[in-house]
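Student: Could you take me through the ligand site in this model? I'd like a close look at what surrounds the ligand and where the surrounding residues come from.

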Amino acid sequence: MEKIIRSAARLSGAVTLPGDKSISHRYAILSSLAEGTSRLANYSSGADCHSTLNCLRDLGVGIEADGSTVTVHGKGLDGWTVPSRDLDAGNSGSAMRMLAGALAPQPFASRLVGDESLSGRPMGRIIEPLTAMGATIRARDGRFPPLEIEGKPLQAIDYTLPVASAQVKTCVLLAGLFCEGETVVREPIRTRDHTEVALTQFGAYVTVNKRVITLEGRPMLLARDLLIPSDLSSAAFFLVAASIVPGSSLLLRGVGLNPTRSALLDFLLSAGASIRIVNFEHTAGEPSGDLQVSYSAFQGGVIEGDVAAALIDEIPVLAILGAVSEHGLVVRDAKELRVKETDRIKTVLDNLRRMGVEAEELPDGMKIPGKQQFRGARVDSFGDHRIAMAFAVAGLVSDGETVIENAEAASVSFPEFYDLLDQASSA
Ligand code: S3P
């Protein structure tokens, strides 16, 4: 599908975004392993989180989806059953890496597959700790999907993550649920802590001491009714859009504000954004609030070190902001961008250049000078949801029309994106 984006006079009104993708995956998996029926409200509408639900269905879990409310009939820690076909994680690295953790200790074999993009993403980072726990996993060239998991009892581990990755942390902790004794995960820097929060919500015993997470194995998980806040990483597209289109003022409702995710707000505020948090709430360990964002002049900035890891999903849209800012944007220490749904350093730069914006590729990031004007052009999502949405935002401040090729990629995390953008924008 092609989507045409025209320059917008302003963004206004109020929008409600879909549920957080990271939290949706975790609540779905944990509720399937819990005793009893969980109701998950505002579950992500993205295809990724529905891939997780479909894999769980293939593992014998009863799941009904009614709009954004998902009901999961948990089967208990030992209740998953042999899947009769390959488990398809689609485009989702989270689904594959997290499910692998809970599949490796099962008393049956399984095979996890994904689409072309996922089939090229590194899985060595989960195969290594799971193998150290006693798992047997075969992968293409030893490190790419499909993953053939033998399924056998595992031993708890004390594991230091070589890469800062919440997906890998989650994989090891989910495997640890099935092991006797304590599983310990040590992080090089603190990554999003939704797994630790969710495990506690479902009744597991988890302690967090700075960057060391300890989980007591073999808990009895209990069903919960939980409301999932809206996704801050999806909100990022609207936060940037309203910040760069003159005259905008937009309210984003019920957005997740977990402190391990909110580096985005700190960065935007430090670069000159006008964002106010209203109606702050703290339910079930996951804080949320409404965000009122208005147009403001941006200074630009540098994203590096721990901040680069914390902002990794938002860098494509921050690149758009950087190009129109006063001093531009420099991104370093972000080589993980190269192994996301696409090599996001290459795909961001390719599209920027198509739109007449200058940028320099760095091995681990990019340099984008400020005060540039976007020119309407044909850009490509390259099948990557965040690239599609970032360049739709660029289209709002371009001279002339922007055509996004393969625009449907947005539905991986945010199927409502173009409709909400059209609703909020005035021509
Ligand atoms: C995620 C963790 C991050 C992030 C991804 C979602 C998660 O990936 O980029 O979109 O839900 O745990 P890594 O764990 O690879 O850093």
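Tutor: Happy to; here is a walk around the ligand, from its setting to its individual contacts, with a short detour at the end. Please keep in mind that this is a predicted model.

Let's begin with the setting. The ligand sits in the largest pocket. Domain 1 (2-18 + 229-426) and domain 2 (21-227) both contribute residues to the shell around the ligand, so the ligand lies between these two domains. In terms of secondary structure, at least two shell residues come from each of helix 1 (21-32), helix 3 (93-103) and helix 5 (166-177).

Now for the shell itself. The ligand is surrounded by 13 residues, and Ser22, Arg26, Ser165, Asp313 and Lys340 are the closest. Sorted by class, the shell holds 5 charged, 4 polar and 4 nonpolar residues.

Several of these neighbours can be looked at atom by atom. In arginine 26, a side-chain N or O atom is 2.6 Å from an oxygen atom of the ligand. Serine 22 places a polar side-chain atom 2.7 Å from a ligand oxygen, and for serine 165 the distance from a polar side-chain atom to an oxygen of the ligand is also 2.7 Å. As for how enclosed the ligand is, on its own it has 380 Å² of accessible area, and the protein covers 93% of that.

While you have the model open, two backbone details deserve a glance as a separate topic. The peptide bond that runs from proline 145 to proline 146 is cis, its omega being near 0°, and proline 146 belongs to strand 9 (residues 144-149). Aspartate 141 is found in the loop between strand 8 (137-140) and strand 9. Although aspartate 141 is not a glycine, its phi is positive, at about 55°.

Methods:
Residues numbered from 1 in each chain as written. Predicted model: local features only at pLDDT ≥ 70, side-chain atom pairs only at ≥ 80, totals over all residues. Heavy atoms only, no water. Near = heavy atom within 4 Å. Polar contact = N/O pair within 3.5 Å; in protein donor to acceptor, adjacent residues only side chain to side chain. Areas by Shrake-Rupley, 256 points an atom, 1.4 Å probe, with all protein chains shown as cover. 1 Å grid on protein atoms, 1.4 Å probe; cavity = no way out; pocket = protein on both sides within 12 Å on 5 of 7 lines; lining within 4 Å. Sits in = over half its atoms within 2 Å of the grid points. Helix = DSSP H or I, 4+ residues; strand = E, 2+ residues; numbered from the N terminus. Nonpolar A, V, L, I, M, F, W, Y, C, P; charged D, E, K, R; others polar. Domains from an automatic or database assignment.
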